[in-house]
Amino acid sequence: MKIIQDYIKQIEENFKAGNATEHTHRPALQTLIQSYEKGIVATNEPRWIACGAPDLRITKNAVPLGYVETKDIGENLDKMEKSEQLKRYREALPNLLLTDYLEFRW
């Protein structure tokens, strides 16, 4: 799929610049998610909710579909899955995706 190739290309370009952070890659991820189907919106830095502030909120026609918690490329997702933050999110959010932009865990 071209959209996935475009996503990977953008992540590579960001990473090669040598100064990218977790936040640098979010526009590429938003574009990827929103291209999946018409009406899907990935809101970066949505309002704080009771369990915290996941990085992206995914909706379709204003109906919540899920949340995404992003970590920087290469960050240990095994460790992050055991964090207090992810524990809170998993207990409160029925549909959560954890990613370092290259690996995705649902």
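Reader: Which residue of β4 does Val 68 stand opposite?
Author: Happy to start there, with the reminder that this is a predicted model. Val 68 belongs to the pairing of β3 with strand β4 (residues 96-99), which runs in the parallel sense over four bridges. Looking across from Val 68 to β4, you meet Leu 97.

Reader: And which residue of β4 stands opposite Tyr 67?
Author: Stay with β3 and β4, which pair in the parallel sense. Val 68 has Leu 97 as its opposite number. For Tyr 67, the residue across in β4 is Leu 96.

Reader: How many bridges join β2 to β3, and do these strands run parallel or antiparallel?
Author: Strand β2 covers residues 56-60 and strand β3 covers residues 63-70. One place to look is Ile 58, which stands opposite Gly 66 in β3. The two strands are joined by five bridges, and their sense is antiparallel.

Reader: Which residue in the hairpin of β2 and β3 takes a positive phi near 50 degrees?
Author: This hairpin has two residues between its strands. Ala 62 sits in the loop there, and its phi is near 70 degrees, positive although the residue is not a glycine. The residue with phi near 50 degrees is Asn 61.

Reader: Is Ala 62 buried or exposed?
Author: Ala 62 is placed in the loop between β2 and β3. To count as exposed, a residue needs a relative accessible area over 50%. Ala 62 has 69%, so the verdict is exposed.

Reader: How many residues lie between β4 and β5 in their hairpin?
Author: β4 and β5 pair in the antiparallel sense over two bridges. Thr 99 stands opposite Phe 104 in β5. The turn includes Tyr 101, and the number of residues between the two strands is four.

Reader: Is Tyr 101 buried or exposed?
Author: Tyr 101 lies in the loop between β4 and β5. Its phi is near 80 degrees, a positive value for a residue other than glycine. Buried means under 20% relative accessible area. Tyr 101 has 0%, so it counts as buried.

Reader: What is the order of the strands in the sheet?
Author: The sheet is open, has five strands and shows mixed pairing. The antiparallel pairs include β2 with β3 and β4 with β5, while β3 and β4 pair in the parallel sense. Read across the sheet, the order is β1-β2-β3-β4-β5. Each of the edge strands pairs on one side only, and these are β1 (40-44) and β5 (104-105).

Reader: In what order do the helices and strands come along the chain?
Author: The protein has four helices and five strands. Among the helices are α1 (2-16) and α2 (residues 26-34). From the N terminus, the run of elements is α-α-β-β-β-α-α-β-β.

Reader: Which residues of α2 are buried, and what covers them?
Author: In helix α2, the buried residues are Arg 26, Ala 28, Leu 29, Gln 30, Leu 32 and Ile 33. Here is a helpful general point: an α-helix has 3.6 residues a turn, so residues three or four places apart point the same way. The cover over the buried residues of α2 includes α1, β1, β2, β3, β4 and β5.

Reader: Where is Lys 82 found, and is this residue buried or exposed?
Author: Lys 82 is in the loop between α3 (77-81) and α4 (84-92). Its C-alpha atom is 28 Å from that of Asn 19, a residue 63 positions away along the chain. With a relative accessible area of 72%, Lys 82 is exposed.

Reader: What is the radius of gyration of the protein?
Author: The C-alpha trace spans about 35 × 35 × 20 Å along its principal axes. For 106 residues, a compact globule would have a radius of gyration near 13 Å. The value for this protein agrees with that, at 14 Å.

Reader: How far apart are the mean positions of the positive and negative charges?
Author: The protein carries 15 positive and 16 negative charges. Taking the mean position of each set, the separation is 4 Å.

Note on methods:
Residues are numbered from 1 along each chain as its sequence is written. This is a predicted model: local features need pLDDT of at least 70, side-chain atom pairs count only at pLDDT 80 or more; totals for chains, interfaces and linings use all residues. Side-chain values use heavy atoms; hydrogens and water are left out. The radius of gyration is taken over C-alpha atoms; the globule rule is 2.2 Å times the number of residues to the power 0.38. Lys and Arg count as positive and Asp and Glu as negative; His and the chain ends are not counted. The place of a charge is taken as NZ of Lys, CZ of Arg, CG of Asp or CD of Glu. Two strands pair if DSSP finds at least two bridges between them. Buried means under 20% relative accessible area, exposed over 50%, partly exposed in between (1.4 Å probe, protein chains only). Contact means heavy atoms within 4.5 Å.
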